[in-house]
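User: Could you look closely at the local backbone in this model, and then take me through the helix contact and the empty spaces that go with it? I would like one connected account that I can follow while looking at the structure.

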Amino acid sequence: MNAPINPDLLERAAALQGMGDSRLRKEDARFIQGKGHYVDDIQMAGMLHMDIVRSPVAHARIRKIDKSEALKVPGVIAVLTADDLKPLKLHWMPTLAGDVQAVLADEKVHFQMQEVAVVIAEDRYAAADGVEAVIVEYDELPVVLDPYAALAPDAPVLREDLAGKTEGVHGKRDHPNHIFTWEAGDKAAADAAFDAAPVKVAERIFYPRVHPCPLETCGCVASFDPIRGELTTWMTSQAPHVVRTVVSLLSGIPESKVRIVSPDIGGGFGNKVGVYPGYVCAIVASIVLGKPVKWIEDRIENISSTAFARDYHMDGELAATPDGKILGLRVNVVADHGAFDACADPTKYPAGMFHICSGSYDIPAAWCSVKGVYTNKAPGGVAYRCSFRVTEAVYVIERMVDILAQQLGMDKAEIRAKNFIRKEQFPYTSAFGFEYDSGDYQTALDKVLAACDYRGLRAEQAARRADPASPTLMGIGLVAFTEVVGAGPSKMCDILGVGMFDSCEIRIHPTGSAIARMGTITQGQGHQTTYAQIIATELGIPSEVIQVEEGDTSTAPYGLGTYGSRSTPVAGAAIAMASRKIHAKARKIAAHLLEVGENDLDWEIDRFKVKGDDARFKSMKDIAWAAYHQAPPGLEPGLEAVHYYDPPNFTFPFGIYLCVVDIDRGTGETKVRRFYALDDCGTRINPMIIEGQIHGGLTEGYAVAMGQQMPFDAQGNLLGNTLMDYFLPTAVETPKWETDHTVTPSPHHPLGAKGVAESPHVGSIPTFTSAVVDAFAHLGVRHMVMPHSAYRVWQQLKESGVAL
């Protein structure tokens, strides 16, 4: 018989609004009233405005830049080119990937919309007029857009600044347009598995170039104080502390006199991790002119020149037994990095975490190779709502498992279950060396198949295929993905030599409220809500009275920022550990106040009580007051702590997604009938926010799979750089999402949490492709290239000779 629940305990726990509570977001009050504070909201006395002259061509030598007419435009103060930056040695800058990138084009341009010059004026309209008045003469050069063509023996040399350099930051370069070749796994073991395997499948799988396209474009306001020698820059940055370090290295200003502030940011999705030329130019202009300088890019500039994602050409191979047991995996990738290697990846991993490509499967032998290549496209491959290159890795393994199942005549659910890493195998070390922390894939799969009546769907599909009069074809997509997030352990991950730890500082005030400062920066994830909930549970303080601050390098402890779903896995752990330091000190104070030993106390929700005597207790509010005027002898006053958390390992959230589509036989139009997403992110802090993050990620995944693309013509002109052309789904196009979960806590994380915001994007994209291809699998179709718009579906079927 269950003991009765104490209503007092329930009431006190509810008052905290701690972990597990679907409490409303604290941030929303200001946002829904239009009270957010974004970079473009910043106004300063005497502030100047900057605009950028960009190249209309993709590859050309700059014969001449004529500033004279621009300087005559009323309100124009200055026009800067690479020649003006050379005396400062700022015409090139380091990238996060260890390459160098032109701040302003130095003698030649490498991609369309590259920054050529900047105009600084008294207002943004004069700056725009000045841009139009700058005359640039170009001698056009051959354009190379295909990374395979870029590696041809007679290909034009794109990066002449690297001419003769046979060694790059990541090893030998075997061609002027070759950046690196990175390998992981055991090639000999994988080759041996393929030599012995009775079944082999291979497929070239292209993941097209897409763009994160956040709601707010990039921009900054730079303000240099020549008297104090201090630089303050408000910036749309997902990693302000790293930017501060880079700015100090570039400018020579001591880092103690550089302040980077990231105010409210309208979405990031990886697009705002790196340092863009516009930031550098605004900072230089402010230093030179002694006035604040604002730069805000427009939407065309954002899509055309800021960091893209994907553009991976992947040759996948699986070796297996006739009954579907996978024996080996090989993946060869040619990665288009654009004109400069500005990818946001950990230093040791030039292809990010792509070696998670063995997925959720117990594959004994695996090997992958990624070759980075320069082309005449915009640089900066980023982890668009995923941990570094995990989306590409998940896409290739899930497509290959579908293809293997099709060749063997097996059901896609059956082949996955046959190859899953089993629950009892965790912690599991993959053939690539990742140590998966925990998982229970079979239970998750069973839950999804039962919820969706998978057998019934297959029966309906068979009937539909047997009916020649059916106007639509039905496709069922199924994906089982594992992500690697929580970058990261400093022994494996760093950016420019700075380990990817994260931090938290918590200060409890005498009256029992608190402030927490973090090294991360929110872009809409609800950090102010969920971080406060962690502290509430750990310290027994209501989350409503806990203030969370991020994004200001002058107040927040050093952290590596927010991207790759690292907020909860890394910063959340720092919060828990800082809280526990305070908790330990609070126990000492409580024991002193209650005149007992520390071991004589029990912790209960929001108080320490004497064991066996519920009437004798001290609440955290009591303890906070005492910490400032009645601390025990020998214990310093105050109640605060700082913790830097360097995780021992990554975390490995996973999910099972199922999608049902109906495709019109005549037009190729695809309608999503049902999408069921089960995620396991370990311990769940705020279920409502988790659901919101999943809905957002699924919507972005739908956009990528069904419509987003960045097409170029033969001259390197980007044909889809406006929101008239680049697909962003509205509520009208977006399908209904059904969500579900299992809970498999991470054993090494202080809270058991794994992270979730990236997972729906990672998992949904191959699920959509799986469903679309499945509609035509009985006709022999094995794979189709995204996006799966009606025209492209029809076009690919026509090219492959499939008649509907």
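Analyst:
**Backbone, packing and empty space**

Just after helix 1, Gln17 takes a positive phi of about 55°. The model is a predicted one, and every value below should be read with that in mind. At the other end of helix 1, which spans residues 7-16, Asn6 caps the N-terminal end, with a side-chain oxygen placed 2.8 Å from the backbone nitrogen of Asp8.

Most residues other than glycine have a negative phi, and most peptide bonds are trans, so departures from either habit deserve a look. Arg310, which is not a glycine, has a positive phi of about 70°, and this residue sits in strand 17, residues 309-320. As for peptide bonds, the one from Ala487 to Gly488 is cis, with omega near -20°, and Gly488 belongs to the loop between strand 22 (472-482) and strand 23 (494-495). A cis peptide bond also joins Met786 and Pro787, where omega is about -5°; Pro787 is found in the loop that runs between helix 19 (759-774) and helix 20 (790-799).

How do helix 16 and helix 17 pack? Helix 16, residues 567-594, and helix 17, residues 620-627, pack at an angle of about 90°, and their axes lie 10 Å apart. Because angles from 65 to 115 degrees count as roughly perpendicular, helix 16 is described as roughly perpendicular to helix 17. On the helix 16 side, Ala586, Ile589, Ala590 and Leu593 make the contact, and they meet Met620, Ile623, Ala626 and Ala627 of helix 17. By class, this contact has 8 nonpolar residues, with no polar and no charged ones.

Turning to empty space, rolling a probe the size of a water molecule over the atoms shows where such space is left. The structure holds 5 cavities of 30 Å³ or more. The largest cavity has a volume of about 200 Å³ and is lined by 22 residues, of which Gln101, Gly274, Val275, Tyr276 and Ala342 lie nearest its centre. Its lining, sorted by class, has 14 nonpolar, 7 polar and 1 charged residues. The second largest cavity encloses about 70 Å³, and the residues lining this second largest cavity include Phe111, Arg209, Asn376, Lys377, Met710 and Leu718. Here the classes are 5 nonpolar, 4 polar and 2 charged.

Among the pockets, the second largest has a volume of about 410 Å³. This second largest pocket is lined by 21 residues, and Asp51, Ile52, Ala128, Val131 and Glu301 are those nearest its centre. Strand 1 (48-54), helix 5 (124-133) and strand 16 (293-296) each supply at least two residues of the lining of that pocket. By class, the lining of the second largest pocket has 12 nonpolar, 1 polar and 8 charged residues, whereas the lining of the largest cavity has 1 charged residue.

Note on methods. Residues are numbered from 1 along each chain as its sequence is written. This is a predicted model: local features need pLDDT of at least 70, side-chain atom pairs count only at pLDDT 80 or more; totals for chains, interfaces and linings use all residues. Side-chain values use heavy atoms; hydrogens and water are left out. Axes are lines fitted to C-alpha atoms, for helices over the stretch in contact, and angles run from 0 to 180 degrees between N-to-C directions. Helices (H or I, at least four residues) and strands (E, at least two) are DSSP runs, numbered from the N terminus. Angles under 35 degrees count as roughly parallel, over 145 as roughly antiparallel, 65 to 115 as roughly perpendicular and the rest as oblique. Contact means heavy atoms within 4.5 Å. Ala, Val, Leu, Ile, Met, Phe, Trp, Tyr, Cys and Pro count as nonpolar, Asp, Glu, Lys and Arg as charged, and the others, Gly among them, as polar. On a 1 Å grid over the protein atoms alone, a cavity is a set of points where a 1.4 Å probe fits but cannot get out, and a pocket is an open set with protein on both sides within 12 Å along at least five of seven lines; lining residues have an atom within 4 Å of a point. Grid points are joined across faces, edges and corners, and a volume is the space filled by probe spheres set on the points. A polar contact is a pair of N or O atoms within 3.5 Å; within protein, one must be able to donate a hydrogen and the other to accept it, and residues adjacent in sequence count only if both atoms are side-chain atoms.
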